[in-house]
Amino acid sequence: MEAPPVTVMPVTGGTINMMEYLLQGSVLDQSLDSLLHRLRGLCDNMEPESFADHELVYLLKGQQGNPFILRARRSLAHPTAPWHLRYLGQPEVGDKSRHALVRNCVDVSASHSLPDFLNEMGFRMDHEFVAKGHIFRKGVLKVVVSKLSRVLVPGNTDNTEPLSLSYLVELSVLAPAGQDTVSEDMRSFAEQLKPLVHLEKIDPKRLM
């Protein structure tokens with residue numbers, strides 16, 4: 001079975017050409033309520049946002065090297081909202097002084113013809129999935145708790161199956177390049193979520 005995609009982000013207003021600082025972990029289904037309760041206490045005093053998104057991962061294969069990957073995501077809860085197209089650069093995981101994974105992130109809004117456009121450009125859909133969950137915020141920090149499900153019949157988001165018995169938990173910050181101090185704030189926040197969830201700097205290449 002293919003490993004679930006490493007980045008599952010809800011459709012939101014896009015910031016273009018930024019660096020994403022990321023920590024990831026997971027929590028078993030039976031521990032979800034405890035984690036949500038902890039997050040409500042730690043995060044800004046507002047109700048978390050709920051989301052249900054459909055993401056399609058497209059590849060453009062060259063003659064050599066790794067394929068070029070783009071992610072197209074649409075909101076199932078708000079069908080008339082724009083699609084979002086995301087490019088995620090290669091993660092910078094070698095710097096031991098950083099407490100978070102760092103990678104370039106380009107996020108733009110697009111029309112509903114995005115899948116047709118990508119196909120015309122030569123991209124081919126590799127896989128698709130549905131992500132449903134909640135978004136919490138604390139200042140610039142964003143925590144996404146989501147359940148990932150595989151799409152059993154291509155294009156039919158009503159026919160899905162959970163990928164695991166756990167929820168993906170992601171702590172992230174979008175910031176201009178060089179703002180490495182945010183990773184220290186992320187580390188401090190992640191410590192407050194233990195032992196419910198252990199958020200780590202995970203190298204996606206380990207999951208391939």
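Reader: Let's start with G178. Where does G178 lie, and is G178 buried or exposed?

Author: G178 sits in the loop between β9 and α3. This is a predicted model, and in it G178 has a relative accessibility of 60%, so it counts as exposed. Sequence distance and spatial distance are worth reading side by side here: G178 and M19 are separated by 159 residues along the chain, yet their C-alpha atoms are 8.7 Å apart.

Reader: Before I go on, what average pLDDT does the protein have?

Author: The mean pLDDT is 88, and 87% of the residues reach at least 70. Taken by element, β5 (residues 101–110) has the lowest confidence, with a mean of 93, while β7 has the highest, at 98. Be careful with residues 1–9, though, where the pLDDT is below 50. That stretch does have 41 contacts in the model beyond near neighbours in sequence. Where pLDDT is low, the predicted coordinates should not be read in detail.

Reader: Fair enough. How many helices and strands are there, and in what pattern along the sequence?

Author: There are 3 helices and 9 strands. Going along the sequence, you meet them as β-α-β-β-β-β-α-β-β-β-β-α. Of the 208 residues, 46% are buried. For the contacts, take pairs at least 6 apart in sequence: 70% of those contacts link residues at least 24 apart.

Reader: Now the helices. Which residues of α3 are buried?

Author: A good way to read a helix is to ask where its buried residues fall around the axis. In α3 (residues 182–191), the buried ones are V182, S183, M186, F189 and A190. They span an arc of only 120 degrees around the axis, so they sit on the same side of α3. As for partners, these buried residues pack against β1 (18–28), α1 (32–42), β6 (124–138), β7 (141–151) and β9 (166–175).

Reader: And in α1, which residues are buried, and which are exposed?

Author: L32, L35, L36, L39 and L42 are buried in α1. Their arc around the axis is only 130 degrees, which means they lie on the same side of α1. D33, H37 and G41 are exposed on the other side of that helix. The buried residues of α1 pack against β1, β6, β7, β9 and α3.

Reader: What about the segment after α3? Which residues does L199 touch?

Author: L199 belongs to that segment, and it is buried, at 10% relative accessible area. To read its surroundings, leave out residues up to four places away in sequence; what remains is L23, Q24, G25, V169, L171, A190 and L193. Take G25 from that list: it is 174 residues from L199 in sequence, but the C-alpha atoms are 4.6 Å apart.

Reader: I'd like to look at some charged side chains. Where is K147 placed, and is K147 buried or exposed?

Author: K147 is in strand β7. Its relative accessibility is 13%, and the cut-off for buried is under 20%, so K147 counts as buried.

Reader: Which backbone oxygen lies 3.0 Å from a polar atom of the K147 side chain?

Author: That of S164. The K147 side chain also reaches the backbone oxygen of S166, at 3.2 Å. For the wider setting, again setting aside residues up to four places away in sequence, K147 touches D29, V130, A131, K132, P162, S164, L165, S166 and Y167.

Reader: And R86: with which side chain does the side chain of R86 make a polar contact?

Author: With the side chain of E20, at 3.4 Å. R86 is placed in strand β4 (residues 83–88) and is buried, its relative accessible area being 10%.

Reader: Last topic, empty space. How many cavities of 30 Å³ or more does a search find?

Author: The general idea is that rolling a probe the size of a water molecule over the atoms shows where empty space is left. In this structure, a search of the whole model finds 2 cavities of 30 Å³ or more.

Reader: Which residues line the second largest cavity?

Author: Its lining consists of C43, D44, M46, E47, P48, E49, I135, F136 and R137. β6 provides the largest share of that lining, with 3 residues. The space inside the second largest cavity is about 50 Å³.

Technical notes:
Residues numbered from 1 in each chain as written. Predicted model: local features only at pLDDT ≥ 70, side-chain atom pairs only at ≥ 80, totals over all residues. Heavy atoms only, no water. Buried < 20%, exposed > 50% of the residue type's maximum accessible area, 1.4 Å probe, protein only. Helix = DSSP H or I, 4+ residues; strand = E, 2+ residues; numbered from the N terminus. Arc of directions from axis to C-beta. Contact = heavy atoms within 4.5 Å. pLDDT = per-residue confidence, 0-100. Polar contact = N/O pair within 3.5 Å; in protein donor to acceptor, adjacent residues only side chain to side chain. 1 Å grid on protein atoms, 1.4 Å probe; cavity = no way out; pocket = protein on both sides within 12 Å on 5 of 7 lines; lining within 4 Å. Points joined across faces, edges and corners; volume = space filled by probe spheres on them.
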